[in-house]
Structures are given as C-alpha cells and as structure tokens.
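Visitor: I would like a close look at one part of this model, the patch of negative charge on its surface, and then a careful walk through some individual residues elsewhere. Please explain the terms as you go.

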Amino acid sequence: MISDGVEDEEKWLTAGIAGLQQNAFYMHRALDSNNLRDALKYSAQMLSELRTSRLSPHKYYELYMRSFDELRKLEMFFKEEARRGCSIIDLYELVQHAGNILPRLYLLCTVGSVYIKSKEAPAKDVLKDLVEMCRGIQHPVRGLFLRSYLSQVSRDKLPDIGSEYEGDADTVIDAVEFVLQNFTEMNKLWVRMQHQGPAREKEKREKERSELRDLVGKNLHVLSQIEGVDLDMYKDTVLPRVLEQVVNCKDELAQHYLMDCIIQVFPDEYHLQTLDVLLSACPQLQPSVDIKTVLSQLMERLSNYAASSAEVLPEFLQVEAFSKLSNAIGKVIEAHVDMPTIGVVTLYSSLLTFTLHVHPDRLDYADLVLGACVKKLSGKGKIEDSKATKQIVALLSAPLEKYNDIVTALKLSNYPRVMEYLDTETNKVMATVIIQSIMKNKTCIETEDKVEALFELVKGLIKDLEGNHQDEIDEDDFKEEQNSFARLIQMLYNEDPEEMFKIICTVRKHILTGGPKRLPFTIPSLIFSCLKLVRQLQGQDENPFGNETSTTPKKIFQLLNQTIEALSSVPAPELSLRLYLQCAEAANDCDLEPVAYEFFTQAYILYEEEISDSKAQVTAIHLIIGTLQRMHVFGVENRDTLTHKATGYSAKLLKKSDQCRAVYACSHLFWVDDQENMKDGERVLLCLKRALRIANAAQQMANAARGNTGSVTLFVEILNKYLYFFEKGNPQITVSTIQGLIELITTEMQSDTTTPDPAADAFFASTLRYIQFQKQKGGAISEKYEPIKV
Amino acid sequence: MDFLVGAFKPPCNVSISFVDTKTRKQVPLKKDNGQTIMVPLFQSQENIIGEVLIEPTQGKKFEHNGVKIELLGQIVVLVIGGLSHYTWPDSILASSVLFSSVAELYFDRGNFYDFTSLVRELDVPGELFERKTYQFEFSTVEMPHESYNGINVRLRYILKVTIGRNYISNIVECQDFVVRNFTPPPSINNSIKMEVGIEDCLHIEFEYGKSKYHLKDVIIGKIYFLLVRIKIKNMELEIRRRESTGSGPNTYVETETLAKFELMDGAPVRGESIPVRLFLSPYELTPTYRNINNKFSVKYYLNLVFVDEEDRRYFKQQEITVYRLLES
C-alpha cells in the first residue's frame, strides 16, 4: 500500500519529474528534426508519468503543469506539421494508436485543438469526440486533470457567438453542450473520489477533494464567459442542466461549492430571472449542506444588485423576488428539521437585508420576515449559541441601519418579539445599539405609544430581567448602559406639553421599576426632562378655564417631588438634594413660593437626616447657599427661616476652615445685588466678622495642635469678600476695616509661627495688586479705593 | 586454384524474372534466415509470365536431362512430434536435395503439402553451350490461398526451375512470390453485442459495431457497466491471433496477442459507458483463414480484459473476422 509519508511522495514526484524531463528532452530532439514518429513516441512516454497513483492532487498538479508546458510545444509542432501539409485527420488517427489511454487522450486533445483550428472539421464534432473519448479515464484525479486540460485547450475554440468557429453547423448550443458535458463528467469524478480508498483516510481525501474543486468550478466559469449564453439559454439549458447535476450528485461538498459557484459566476440579472428554478433546487440538496450560507450569498448579491441602481428595482418587483425568496427559505427550514438556530437566523437576516434594499417602502415585508423568524424560533427558548445571538443582533440592526430611524423600526410589531429570544446580556447589547442609533440620528420620539414601544425594546436596560445575575455585571458596563439610557430619555420629546407630560409619566412609570441601582442614573435625566417642560410652561399663562386635565407646572412639581422621593429608597441623599434644589429654583421661576419652600424643606431634611459625611456636607451647604441666594420668591418670613437654617448649618461644620468659608458664603444671602430689599449690610458684616473669628480660632487651634498657625489663606479670602461688598456699596464695610484686615494679614505673614505658604502669598499679593489697580482705574471706584493704603 | 574452385561450383547460373517486374507491386517477405526481401505480389487468377536465364559458368558446356519450371503452392506445417516453436534452419528450402533430407529428418509426418503444382517444360535433354533464355507463362493461375508466415505453419508460393542431370544432383533455383486475395465488403456485417458478467461482481454489456473488419478498419464500440462490485484498475482490449494446425487429436494451437490496447483507466461506477475506438492499421494482421486445405486455420479474437486491484484478470473473448478489402 501507499505509505502516507510526505517524504516518499516527494521522492515520487522527483522521480516523475525526472522521467518527464528525460522524455521531454528526446521529444524536443524529435521536434527539432521534424521526426513525427519519435515525437509521438516520446511524448507518449513523457505523458505516461501522469499515470501515477502515488501523488496527492497537490503534487500531481505540479507534474501536470510541467506536462502542460511540454504539450504546448507539441501543439506548436502539430500546427507546423499541418501547415507543411501533413493531414490533420491522419494525425488525429495516428495519436490514437498509443496503447496507454492516458497519454493517448492527452495527445488526442492536443491534436484536437489543432484540428479545430484547422477548421477541417466542424468544431462541434471534434469537441464532442474529445469529450466522449475522455470517458475512458475513470480514475478521479487523473480524469479531472485530463478534462481540465481539455477545457483549457478548447476554451478559445468554442463555437460561441461571434467566434471564428461559429458556423452553420456549429452554434453556441454546441459550445454549451460541450462544456456542460465536461462539467457533468468532472463533477461525477470529483464526487466519486470520496468513496475510493480506505475509510480511515476519509478526512484526508475530503481535504484533497476540496483542493480540486476549482477544476470543476472552472467549467461554470467558462459557461458564464460564453457570449451566446443569454438569459433564455441560461434559463432553458444551462441552469437546469447544472442544477440537475448538482442535485443528483448527492454530495455535500460538491453541492455547497457548486451552488456557491453558480451564484458567484453568473450575472445577478440571470439569478433574478431564474429565481424559482435556483431556489427550488435548495430544498433538494443534502441535509448537511450549509444551505444558509448559499442562500445568504444569493440574497447578499441580489441586495447589492438592487442597491447598484434604481433602474433594476422594477425587475425585482416583476419577478416577485421577495415572496419567492421568502417561500424558499420557509421550505428549506422545513426540510432541514434540525437546522441550528444560527442557520435560521442567518437566513432571515439575509432576507431582511434583501427586502430592506429592494423594498425599502414595504415595511410590512420586513415585519413579515421578523414574524417568520419569531415563528421558527418559538419553542426554542432563549438562544444560547453565541453565534446565533450575534446573527440576531445583525438581524435587528439591519432595519435601524437602513432607515436610520427607530420610529420606523418601532412600527415593526415583530421586532420586540424577536428580541425576546435574546439572552439578557445580548438584549442589553441590542438595546444599546438601538439607543446609539437614536443618538446618532438625533431621532426624536414624539408620542407616548412610541415610547412604550421603544421601552419594550430596551427594557433590558430599564429593569432587571428574569434570570439576571447582578453580581456578574461589570460595574463600568453597567454605568455605560445606564448613562446611554439616561441620554435616551432626553430624546423623548414633544413640543406639545400635554403629550410631553404623558411621555414623562410613561417614562416615570417604567424607570421606577428599575431598582435602586438604576434610579440614580435615570431619575436625574427624567427630572431635567420635566424641568425643561416646566420652563416651557412658565412663560405661558395658566389655562384660564382651569381644565383639570391640562398640564400645569404645579402638576409637574408634584410629580417631581414624588419622583425624587423615590430616590430615598436607593438611598442617594446628595443627589436628591441637588435635584430638590434644582426644582426649587424652577419653582422660584414659576413664582410658586409654597412649592419652592417645600423643595427647600426636603433638601434641608435630607441635609439634617441623611448627609453626615463632612465633605458631602460642605458641598451640600454651598449648594444650598448658592441656590437660596438666587431665590426671590420667598417672603421675608420664609426667607428668614431658610437663611437662618443655612447659616446655622454653616457654623456647625466640622472643620474650622469649612465653617469659615461657609459662613462668609452666607454673607451673600443678605445681599442680592439686583434686589433693593435684599441688601442687609449689617448682617453681611456680621457674617464676615464671624468668619474672621472662626479663621482666628482656626489659627489658634492649629498653633495649639501643631505648633504653627498655618496659612493665612482664609484671611485673604475674607479680605476679598470685604472688598466685594465694599465695591458693592455696603455701608458697613469701611476703609478702616479693610485697612485693618490688610495689616492683620501682613503681620500674620511676618510672624514666626506662620507656615510659609507661597500660594497664600501670591493670593494676597494679587489681592493687593487688585486694590492698586482699582485705585488707579479712575472714576468713582478709584475715589472709593483711594483711602486704602497698601 | 581455379580448378579446385570450379569443381564445386555449379556449372551454371540460373535466374528467374517476371515480365512486369518494374510495374508490379513488391512486398516484403521474411525469409527463414530472418532477412526480409522484396518479392512481387500477385493475386489469384493472374497471369504469371516471365523468363528463365541460364548462363553456364566458365563458358563450359554441360549436359542436362531437360529443364522445367514449376509453380508451387505449398503448406509447410512445422510440427515435429509435438515440438512446436521450431526454428527453421537457414535455407531449408534452398535445394531440393537438402530439403528432402531435412524433410526426412524433421518432417516425419510428411507435413509438407503442395496444393498447387503447375509445370512447364522449358527444354528437352541436351547440352548447353552458352547463355540461354526461356520464356514461360502460367495463365489465369488459381491461387485461392494467401501467402502466410505463421508460427507453426507457412503457406508459400514459389517458382522452381529444375535442370535435370544424370548421376549428379539436379540444379534447382527458386523464386518466391506473395499472393494476396481481396474480398469485397461483406453484405452482412452484424454488430457484436452481449451482456456478460460474474454474478454479483461485474455485469457489463459490450458492443462492437461490426463482426467483420478489414485490415485497416477501426473497431468502434462501447462498454456499458451494469454492475460494478469489484475494484477495477483498468480495462484493455486485446487482439489475439489463434493459429491452429493439424486436425483431430493432432491439432496444435498457437495464440499470440498482437495488441494490448488500454480502454479505461480507473474504476467505473454503475451506468458508465466507455467508448472503444481501436485502429487496426498499426498491427500486422492477416485475414482470417478458415481450414486452409484442411491443414490450418488462423482466427482473430477481441479479448476484453478487466484487471482488478489485486491484478486478477477477468476477460471475455469474441471472434471477429478479418478480411482484406478490395481497394478501390
């Protein structure tokens, strides 16, 4: 038996090449001396090397190529002989005297080629004879190479339309017949290969077979190159014959390859016009054939064809391409009961792409495809295969990409039903894709029901779905997805307040189901969406008829209050506080004092009860002060209460420096620049003095604890506050207080116990520079500053 | 020296020539010594006309008992006591004296037949002084059998000149010629078609277009595989020649394979049909000879051979008739 050794094979190849070269040498000598008899003898001997069974197709090919080159020389010689008057018919007989069939047939093909060229006989007769005689080689590899040689030498001699070999007796149909026959025989040999040899080498053989496939496929390429193969001939002869062979060969590898070949080599227009024929072959293929790839290829090609030009679209309609493809897919899936989910999804995904390209206006088609897909998926539960999942994502992304508009996709009733089959993770991915699409295209979702539909699609982000294991989720991923969902909320917008309010209610309803982890992301987004509506309404007059159902800021504020309250379950007091303050400010702008007061109250409660961290307190108190400062809606009493509380909180901060800063910030609560009734210079000074006291205390504490008084920064900051109010015309702030403060700072800075602090020095220096600048500026300000000495 | 040489030399030179030597077709004939010579070609019922030239050597006269020329058609069967493949000694027929002695020695069954024997007396007994030519003519000679050069049998035609002498051996000179007879195409020429097989192993149907072929003919046919259960490596078509001599229990048969022609490489599957096209011209065939003068027959067979992967051979043999086509 033949050993598997690669080395041995190499040896045999070398020996084969040597034998071939030797005989080629003698053949050349015979050719040079015009010795026909010897030329035939040595060429036959040379070709005998191709009789070997020991080489793999790969190595055999090498030998074949060398023989091929030599045969070209022989063919030239035959041409010369014919020109010198040697009868080509005699030559055609003479080569058939060779006793071994393989060399004989190679020689016959070579002479046959010259014979056709001589036109002494109709091309079709010679071709028919050659293709018939080649039946003598039943060995797959040798037969395939011989027939591929035949195909090669005859390619330019087919009686095609417009070819010089076309004549009364020779028509393109003869050319087609010839190629079809050669194709059929080659495919039979190729398919047969798998059954020959021991079973244990099956894998190796399959590999070898696939190396040889292009020899077979080449014939289809030749067919596609024949000018005379027009649509009619393709439809009536070529395609049925090729498909007959494909179906009948019952071989997985061949069927897949050849279907693919057909789709690739023939024009799209032909495919479109012969769609039923091509598709009807699909369910007849072997169950193991990867039909989904084949059909996907076809649909992809047709999609591209449709995309190439609008002019071809009517063709698609005329042949009802969609319904044909759709039916075919249905049949294929039915025929292949155990087709994996990925196959099913891939098919529908391709079909969807196709219909989106060809029938962009037929949304119902797209929905039909999705519906069919759902039907096939039903009963299979969640899809576990990651590849299949990917395909579903592709399937669902297709309409988004095509329409660039989620609103269109929302009309697809089957869209969310398909999503049902995705696992939680992928569902989220898909949701993110949808959101990204909306963001990219700045699509506005304008109605409540669309929002409902959309939320149905992205519900994976809104709440925990069943079977979801929180602990497995990556924190960053979670933030990412929630942020993107928060952004989505901003895209839900309608100019009409009534509708907008409905949208808000819907959103609220959904996000409140999201659980404590999501609320901190979603609620702020919703709050700001509401506030936007409030701002829109605030300019308008209240509905004079007091319609119960109409949307009023009051109503919205109620909703806001309740919404923020939901955050308490998280809990997220700092966030809630910020939101309350935002709302308070909006209520202020709407002149709703009680509402604003209520928001402040909520904020204060949070501050007192929930915010215990010092740093958080500092931040919170500054926010409170800042917001409160801008409120103008409050009456004296309310305002007093709130300011009093705020200053109280400030003085109770833990760190002295924080106390100091909060307290001097409070000074602004008593001095609102654009409101005449809000200028209480005395209390401003009180605050500042108190701040100074605290700063002093801070220094003493530092001295006691660490042995130095620390920086003078706080004093410089307070100085700046003094200057501010001085400039603003607070009568309580006098030149002498400022002067005193400057001196104090200067003394402090020179004190031994003060820690050198370059930043503080620079701050102070630039403050002094500012005073200097104001002095020299001229005008009223300069006069005011004049007395201050620096 | 001259005297000595003269004593063993024949007293005259004899040569035979044909009147139409220049125009008549010459064909090669393989002599017993292995040499090939060119000899004239005749067919049955032709006139054989020529002349005999006798030239006494050294200008001497010599006496003779008369001169005659014979036209002989001979069948020589070379079967000696069951010994076949006997190689003929050189010039076994060079002289009748030698021949008769050899015949006694080797041809103990007397396998040497003249089926045609015609005689023309050329001269009455007398003396010959100088060169002399004699015209001869055999008109419309019946030569029904073709010249044949086989393994155990040979059919030949010769012209034999005998100068009879007293007390000493006759002077004999022979001239070979070849006879070939042509036949018109047969009026009935059926195809050979047959289904054969080995049960559950191999069933085939073969068809050869004709049963009768002329020498430059081409065998066209096809082999159709109905069932293939053995691993066939290849298929060949052989042309075999079967030469039988003698009759009854003393029949000797020689079979030669003249052609081995590969028809198929590799193993076919059921339903395959393999074409046959075999040109006969490259092979040295003769027409089929059936029971020539009750002495011998030459028959041709097509032998279809299958070789399997273990080199076992399966075959089916069919007789064909070969004829020499009357060339127009």
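Guide: What follows starts at the charged patch and then moves to single residues in both chains.

This is a predicted model, in which local features need pLDDT of at least 70 and side-chain atom pairs count only at pLDDT 80 or more, while totals for chains, interfaces and linings use all residues. Residues are numbered from 1 along each chain as its sequence is written, chains are lettered from A and ligands numbered from 1 in the order in which they are written, and side-chain values use heavy atoms, with hydrogens and water left out.

The negative patch on the surface brings together A:Glu425, A:Asp474, A:Asp476, A:Asp477 and A:Glu480. A patch takes residues with over 30% relative accessible area and no salt bridge, joining like charges within 9 Å and nonpolar side chains (Val, Leu, Ile, Met, Phe, Trp, Tyr) within 5 Å; a salt bridge is a side-chain nitrogen of Lys or Arg within 4 Å of a carboxyl oxygen of Asp or Glu. Helix H25 of chain A, residues 475-490, supplies three residues, the largest share of this patch. A:Glu425, by contrast, has its place in helix H22 (residues 424-441) of chain A; helices (H or I, at least four residues) and strands (E, at least two) are DSSP runs, numbered from the N terminus. A:Glu425 counts as partly exposed because its relative accessibility is 46%, where buried means under 20% relative accessible area, exposed over 50%, and partly exposed in between (1.4 Å probe, protein chains only).

Elsewhere in chain A, A:His271 sits in helix H12 (residues 268-273) and is classed as buried because its relative accessibility is 0%. Leaving aside residues up to four places away in sequence, A:His271 touches A:Tyr234, A:Ile262, A:Ile263, A:Phe266, A:Leu278, A:Leu298 and A:Leu302, a contact being heavy atoms within 4.5 Å. A:Gly460, in helix H24 (residues 459-462) of chain A, is also buried, since its relative accessibility is 1%. Between A:Gly460 and A:Thr432 there are 9.5 Å in space, C-alpha to C-alpha, and the two are 28 residues apart in sequence.

Some backbone details deserve attention as well. A:Val570 and A:Pro571 are joined by a cis peptide bond with omega of about -10°, and A:Pro571 belongs to the loop between helix H28 (553-566) and helix H29 (573-589) of chain A. A:Lys119, although not a glycine, has a positive phi of about 60°; this residue is in the loop between helix H5 (101-118) and helix H6 (123-133) of chain A, and it counts as partly exposed because its relative accessible area is 45%. In chain B, B:Thr140 has a positive phi near 40°, again in a residue other than glycine, and it is found in strand S9 (residues 132-141).

Chain B has two helices and 22 strands, and buried residues make up 46% of its 328 residues. Among the contacts in chain B with a separation of 6 or more, 71% are between residues 24 or more positions apart. One buried residue there is B:Gln318, so classed because its relative accessible area is 13%; B:Gln318 lies in strand S22 (residues 313-323) of chain B. Not counting residues up to four places away in sequence, B:Gln318 touches B:Ile192, B:Met194, B:Phe206, B:Tyr208, B:Tyr300, B:Tyr301 and B:Leu302.

Definitions and conventions. Areas by Shrake-Rupley, 256 points an atom, 1.4 Å probe, with all protein chains shown as cover. Lys, Arg positive; Asp, Glu negative; His and termini not counted. Charge placed at Lys NZ, Arg CZ, Asp CG, Glu CD.
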